[in-house]
Amino acid sequence: MDLLKKRILEDGKCFEGGILKVDSFINHQMDPILMKSVGVEFVRRFASTNINKIMTIEASGIAPAIMTGYLLELPVVFAKKKSPKTIENILTTRVRSFTKDREYDVIISQDYLTPEDNVLFIDDFLANGNAALGVIDLIKQAGANLVGMGFIIEKSFQHGREVLEKQGVRVESLAIIDDLSNCTIKIR
Ligand code: 5GP
């Protein structure tokens, strides 16, 4: 997606440890026009599938997921990182956070993820694939079916794609970063 690649090169900043900061248009301030184009591209790539639900994880996956769900007129559910007492029929999994270097619980209610669901998972970044593996676990626990996973940005040097493809998951990324060393963004 050329528009996205151009924006990453113009406004993305790299940090120590292979972290790309895109706070001015994805992770803090958000560009809704770019986000709409992201949604359009996900719709195009998964057009031939039979998805009936979009799933993501709070917080940064919500914007691209809601755009995709809006375009497809499908419900969007986000896995939560904290468990409010009011949520019923909870499924839980544990995820290692790449950016925060700690583990946390991710939960979803079985009311919104069921054996009838064919799920497209959308998120902002694919790094080592830990968040995605947690989501796969929740989808399995719910008895739902995972159709594919779409990421705005994939960092290929962290091998999340290999981990997911080994499990038979279809992975689509809109921009692939091959290297961030010496604080230079190398985009495929
Ligand atoms: P993974 O679980 O694939 O290792 O990491 C994915 C999650 O970590 C994403 O949901 C994203 O929130 C965060 N993440 C991973 N790498 C980066 C990065 O380079 N920049 C930012 N902003 N977030 C990242």
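**Exercise 1. Find how strand 3 and strand 7 pair, and place them in their sheet.**

Step 1. Strand 3 (residues 53-57) runs parallel to strand 7, and three bridges join the two. Strands here are DSSP E runs of at least two residues, helices are H or I runs of at least four, and both are numbered from the N terminus. Two strands count as paired if DSSP finds at least two bridges between them. The model is predicted, so local features need pLDDT of at least 70 and side-chain atom pairs pLDDT 80 or more, while totals for chains, interfaces and linings use all residues. Residues are numbered from 1 along each chain as its sequence is written, and side-chain values use heavy atoms, without hydrogens and water.

Step 2. For one bridge, start at Ile-54: its partner in strand 7 is Leu-120.

Step 3. Now add the helix. Helix 4 (residues 62-72) packs on the sheet and touches strand 3, strand 4, strand 7 and strand 8. Its direction makes about 175 degrees with that of strand 3; axes are lines fitted to C-alpha atoms, for helices over the stretch in contact, and angles between N-to-C directions run from 0 to 180 degrees.

Step 4. Zoom out: six strands form an open, mixed sheet in the order 4-3-7-8-9-10. Strand 4 (76-79) and strand 10 (186-187) are its edges, each pairing on one side only.

**Exercise 2. Describe the surroundings of Asp-123.**

Step 1. Asp-123 sits in strand 7 (residues 118-126).

Step 2. Check its charge partners. Asp-123 is buried but has no salt bridge, and the nearest side chain of opposite charge, Lys-81, is 7.2 Å away. Buried means under 20% relative accessible area, exposed over 50%, and partly exposed in between (1.4 Å probe, protein chains only). A salt bridge needs a side-chain nitrogen of Lys or Arg within 4 Å of a carboxyl oxygen of Asp or Glu; Lys and Arg count as positive, Asp and Glu as negative, and His and the chain ends are not counted.

Step 3. List the contacts (heavy atoms within 4.5 Å). Beyond four places in sequence, Asp-123 touches residues including Thr-56, Ile-57, Gly-150 and Phe-151.

**Exercise 3. Locate His-28 and decide whether it is buried or exposed.**

Step 1. His-28 belongs to the loop between helix 2 and helix 3.

Step 2. With a relative accessible area of 65%, His-28 is exposed.

Step 3. Compare sequence with space: His-28 and Ala-59 are 31 residues apart in sequence, and their C-alpha atoms are 9.9 Å apart.
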